[in-house]
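Student: I would like to learn how charged side-chain pairs are read from a model. Could you take me through them step by step?

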Amino acid sequence: MTCTAYLHAIGTATPTHDIHTAFVDWARDRLPERPARLFERMAARAGIAHRWSVLPESAGSPVAAGGFYAAETLPGTGERMALYAAAAPTLALAAVAALAEQVALDDVTHLVVASCTGFVAPGVDQIIARRLGLAATVERTLIGFMGCYAAVVALRTARHIVRSEPAARVLVVTVELSTLHLQASDELEPLLAMLQFGDGAAAALVTAAPGGLVLERPFSAALEATDSLIRWDITDRGFAMHLSGEVPGRLGGALRDPALIDLLTRGVAVDRWAVHAGGRSILDSVEQALALPPEALAESRAVLHDCGNMSSATLLFVLARVLHGTPVRHGVALAFGPGLAAEGIAFRTAP
């Protein structure tokens, strides 16, 4: 007989360097007059007030003199990965510390880490485990390069572990440093894509002991003929994000499909949606396609406003707000990413 998996608490962390306004100014100045005016209007309507970066604050803006991106030729991938290796574990540990203020983290048996914005070996999972002083026997899983929906994959993995090993205590960590991948573009669409992303980390504890949120059935859906809509290209100058303007429309169309709606809801009335804050237009598309009231995505819009899109960490920031909100009878956590694919998991407040 399988047991139930519970998500007990979530700790979150962002760096202290707010780079949103500096990026908007930098990007606007790279465009001709008409596209620049369009960019400025879209930036003002993006629903984002802050995006945080691990890039050093000492030079002010990362694109100003002395900043990481100040030179005419931007840093190579090796230099960016060196910064990832130093900064990603530190930010992840800040999220774990925030989690430890809410729940005891003794006797962790499994560590599941999701990150798609950098590579290092030994992996960020090993670095985190070592710095936390976890036992050498802790089982580690590293979920890499799955993008924004990796948070769902991490929670799903933790759920499977707990359901098969009732004594397991699974520490889930997501950490993303998207601001390490600025590209020297002078085209509107890639600049609008980069406008969305910031850095952040989140940590959660999943066990079989009752409390927090019950993690119920997970689900996955890959949309056909969408491979080119969201992708990361690894280049000599970092990871180049491609986020097509077609994404909101394709998502909205898919979410109107009765078969996909049934996959998401299983015929029950959903009273709480935790949707990945991928961007204002994506949240608008989800809201319209599912005929949700304006307040249904309040937690997602608040995270977008305060932090931007932090890739895989974002959904856990949304769920952290859900945990401290009103009780949930039937909830759905939903995220989107490369593929184009949707990953989700049902949840409810524990009795």
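Tutor: What follows is a short discussion of salt bridges and of the side chains that form them. This is a predicted model, in which local features need pLDDT of at least 70 and side-chain atom pairs count only at pLDDT 80 or more, while totals for chains, interfaces and linings use all residues. Residues are numbered from 1 along each chain as its sequence is written, and side-chain values use heavy atoms, with hydrogens and water left out.

Student: How many salt bridges does the structure hold?

Tutor: Side chains of opposite charge can pair when their charged atoms come close. With a salt bridge taken as a side-chain nitrogen of Lys or Arg within 4 Å of a carboxyl oxygen of Asp or Glu, the structure holds 14.

Student: Which residue forms a salt bridge with R280?

Tutor: The partner of R280 is D284, with the closest N and O atoms 2.4 Å apart; both lie in helix 9, four residues apart, about one turn of the helix. Helices here are DSSP runs (H or I, at least four residues), numbered from the N terminus.

Student: Is D284 buried or partly exposed?

Tutor: Buried means under 20% relative accessible area, exposed over 50%, and partly exposed in between (1.4 Å probe, protein chains only). D284, at 19%, counts as buried, whereas R280, at 24%, is partly exposed.

Student: Where does the other partner, R301, lie?

Tutor: D284 also meets R301 in a salt bridge of 2.8 Å, N to O. R301 lies in helix 10 (residues 298–307) and D284 in helix 9, so the pair ties together parts that are 17 residues apart in sequence.

Note on methods: Helix = DSSP H or I, 4+ residues; strand = E, 2+ residues; numbered from the N terminus.
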